[in-house]
Amino acid sequence: MGKTYIFGHKNPDTDSITSSLVMADFERKLGNAEAKACRLGNVNKETEYVLNYLKIEAPELIENVEDGANVILVDHNSPSESIDNLNNVNILKVVDHHKLALETAYPLFYRAEPVGCTETVMYKLYKENGFTIDKTIASLMLSAIISDTLLLKSPTTTEDDKKAVEELSKISGINAESYGLEMLKAGTDLSSFSIDEILHLDAKKIDFKNVKAIVNQVNTADISDVMKMKKDLEDRMNEIIAEENLDLFMLLITDIVNSNSQVIALGKSASLVEKSYGVKLENNTALLKGVVSRKKQVVPIMTENA
Ligand code: MN
Ligand code: MN
């Protein structure tokens, strides 16, 4: 079959990295010996914790693949999050849990489910094919599900994710709660990042109807740690608002232990946050109780109220 490149989205998270590794194992089990796990960007601190813990090498960093190459996409299908020449390669398979954004001129294996994590779909694929999930594969899958669902507390969590975590904990011998909290905390270490880097870590440009916004999310185990930088964050946020002509910049500081988010909202449409969540911004900030998911608890609510 020739070489097959497997990769997740740009700016990879734990799901993108582990899913490429797991998919490479899955392909080898199917007889595709030349399937190769790759990544489209640097490994973040949370994923670094996972790979160190499991003593596994990160997938190979690639920027592009040659035209005509065979590829498998995991944890994404949107061309904007993929390699630049996606139109000129041969997509063999997609395994994902995001909305459909891909169009091809040829048929392909496409498996996406509305579950909390790509690895939950991979877990099902192993089961369906009667493949054994070894300890390492179980640990990788488990780490990603914990990451994407914030320890099964995000509203994106489904029964399938819970079931997978239960069995994967048994196979791997890993206590999901304690390991998961350490792993998530490792991902919240902001000490080596500049203010500008923090504001770009997980920033997405989103239009809430006519409101042009950036919503950036930063995970933390202690909101007050991040709020110490509030003045500097706000100064830079205001600059970005001017540079990009934004109506709103929302910085969500998400407490992964208690499942709340402190929001800092700036820009002429900041009051949309007050309207959407029934809160009052004081000094540009408010606590949004129970809000942890941008996909489920920010985009639809803000769009509806805009
Ligand atoms: Mn992802
Ligand atoms: Mn994912």
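This passage looks at one strand and its neighbours, and then at a metal site, in a predicted model.

Strand 10 covers residues 260-266, and 7 of its 7 residues are buried, so the strand is largely enclosed by the rest of the structure. In a regular strand, side chains take turns pointing to one face of the sheet and then the other. Here, N260, Q262, I264 and L266 point one way, while S261, V263 and A265 point the other way, and all of them are buried.

Strand 10 has partners to pair with. Strand 9 (residues 248-255) runs antiparallel to strand 10, and 7 bridges join the two. These strands make a hairpin with 4 residues in between, and in the turn S259 has a positive phi of about 55°. Strand 11 (residues 285-288) also pairs with strand 10 in the antiparallel sense, this time over 4 bridges. V263 is a handy residue to follow across the pairings: L252 stands opposite V263, and in strand 11 the bridge partner of V263 is A286.

Now for the metal site. The manganese ion (ligand 1) has H9 (NE2), D13 (OD) and D75 (OD) as its protein donors, at 2.1 to 2.3 Å. Along the chain, these donors follow the spacing H-x3-D-x61-D. A second manganese ion (ligand 2) sits 3.5 Å from ligand 1, and D75 coordinates both. H9 belongs to the loop between strand 1 (4-7) and helix 1 (14-29), and D75 to the loop between strand 4 (70-74) and strand 5 (90-96), so this pair ties together parts that are 66 residues apart in sequence. H9 counts as buried because its relative accessibility is 9%, under the 20% cut-off. D75 is buried too, with a relative accessible area of 1%.

Key: Residues numbered from 1 in each chain as written. Chains lettered and ligands numbered in written order. Predicted model: local features only at pLDDT ≥ 70, side-chain atom pairs only at ≥ 80, totals over all residues. Heavy atoms only, no water. Buried < 20%, exposed > 50% of the residue type's maximum accessible area, 1.4 Å probe, protein only. Pairing = 2+ DSSP bridges. Donors = N, O, S within 2.8 Å, 3.2 Å for Na, K, Ca; no water.
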